[in-house]
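Colleague: Hi! Could you walk me through this model? I'd like to begin with the cysteines.

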Amino acid sequence: MPSNLIVADLLLNLHLSEGRDPYPLVRLVQVPAAFRPAWLRRLFLTCASAKLLPASLEIWEALRGQDHDEAVLNCAAEIMALGGDRQQAAALYQASLAKDPRQNPVRRRLGELLSPTRPDSDLLASSTLNIYLYSYNKAQFLGDTLDSLARCDLGPAKIKVLLNGCTDDSLAVTEKAKERFPNNPLDILALPINIGAPAARNWLIAQPETRQADHTVFLDDDVLLQPDFLHHFLTAAKSRPHCGVVGCKVLFPGRFPRYQYLYRNVAIARPGILRISLDTPNTQFDNGLYDFVRDTANVMGCCHLFTRQALTDAPTFDLCFSPSQMDDIAHDFDLALRGFDVVYCGLVGCVHRQMTGNIASDTHKAAKLGNVLGNDVKFYYRFQDSLDRLFALGRDAGPEGLADHPSSMARPPEGMA
């Protein structure tokens with residue numbers, strides 16, 4: 001019955017949303033001959049996007065010999081890469097670019113496959129490093145983040161946790177976590193009030209250790225980290241003599257993680273409008289397509305590394321964006337305008353468990369929405385006198401005209417442009 005395809009498609013999405021492998025069930029669907037090519041394509045795209053390797057390879061065998069579109073070729077390329085066949089992955093990406101050469105992430109991913117980035121683990125031992133966290137009343141998340149950090153290769157890094165006026169068990173959780181770091185001193189700064197994210201970052205930057213270290217890492221209190229993230233960050237920083245900050249691929253939690261934040265660039269900058277790209281393709285699974293390193297204008301602030309010179313030349317996050325929202329974007333723009341490189345390292349994945357900017361289900365969502373919209377206006381006027389320079393930075397970032405993603409905008413209110 002053709003209508004059963006609708007049910008099968010719903011089951012496909014339901015299983016993925018619940019973190020279950022859908023293939024054992026949906027493979028039993030008896031598809032009418034007229035619908036079989038479209039169904040196999042849909043099934044392959046879904047399984048490949050979720051990195052279900054055995055299922056994807058089985059479906060790919062049934063698809064061999066057909067003339068595939070770019071989406072299928074791209075997913076097939078990542079399945080080949082996941083299975084260890086980089087040569088075949090590169091060939092599939094080249095075939096995809098032949099069909100549509102405007103696929104800029106595909107071109108960058110192909111470059112990574114042809115010339116893989118090798119993280120230099122020796123850089124960690126020879127670097128002085130701070131790791132800074134700040135938190136407000138998220139004791140369980142903070143404990144999980146510190147546990148995740150303890151499983152990472154930290155070298156001689158020093159750790160400092162700022163508790164932003166916490167009234168829960170965050171202090172006890174952090175004190176107990178000290179035993180997880182026998183080789184890394186962990187200090188606690190317990191503030192009596194919550195001063196907000198920008199001020200918390202500034203407080204930590206003002207610590208004497210910041211000026212003494214080669215690099216400083218900032219982490220949110222609700223992240224799960226890749227154990228070798230510092231190897232990749234330091235390698236990316238060393239590859240750019242004017243590096244200011246390195247960030248990573250940020251993912252939603254789950255067995256089949258979706259992109260939450262990748263990188264952002266300046267798309268339009270002219271009087272009356274400042275338009276920046278969206279943070280990620282909408283609702284896309286992390287299938288490996290964005291696993292490459294590139295210069296950009298902004299990376300997410302939940303897990304990023306700064307060079308000492310960057311925090312010397314741009315030592316503060318703007319308090320006008322308190323309590324949060326857009327202060328990290330503005331700081332990255334400040335660095336770019338000062339000639340520093342902002343680097344996206346998609347070879348590192350960081351799971352961000354709670355989006356503080358997601359106000360859809362918040363009981364105070366109206367007030368928070370007002371804060372977001374207000375910061376959007378502030379952001380435009382913050383860079384009103386640098387629009388030409390920002391637009392020039394956009395042109396310099398690559399041949400794609402900074403249009404890897406769709407765009408969002410910052411603009412003055414009606415009547416103020």
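Colleague: Is Cys152 buried or exposed?

Modeller: Cys152 counts as buried because its relative accessible area is 10%; buried means under 20%, exposed over 50% and partly exposed in between, with a 1.4 Å probe and protein chains only. Bear in mind that this is a predicted model, where local features need pLDDT of at least 70, side-chain atom pairs count only at pLDDT 80 or more, and totals for chains, interfaces and linings use all residues. Residues are numbered from 1 along each chain as its sequence is written, and side-chain values use heavy atoms, leaving out hydrogens and water.

Colleague: Why is there no bond from Cys152 to Cys303?

Modeller: The Cys303 sulfur is the closest cysteine sulfur to that of Cys152, but at 8.5 Å it is too far for a bond. A disulfide needs a pair of cysteine sulfur atoms within 2.5 Å.

Colleague: OK, how many disulfides does the structure hold?

Modeller: The count is 0. Cys47 is in none either, and the nearest cysteine sulfur, in Cys75, is 10 Å away. Cys47 is buried too, because its relative accessibility is 0%.

Colleague: Switching topic, what share of the protein chain is buried?

Modeller: Buried residues are 51% of the 417.

Colleague: And which contacts dominate, by sequence separation?

Modeller: Taking contacts (heavy atoms within 4.5 Å) between residues at least 6 apart in sequence, 78% join residues at least 24 apart.

Colleague: Last one: what are the box dimensions?

Modeller: Along the principal axes, the C-alpha atoms of the protein chain fill roughly 70 × 55 × 45 Å.
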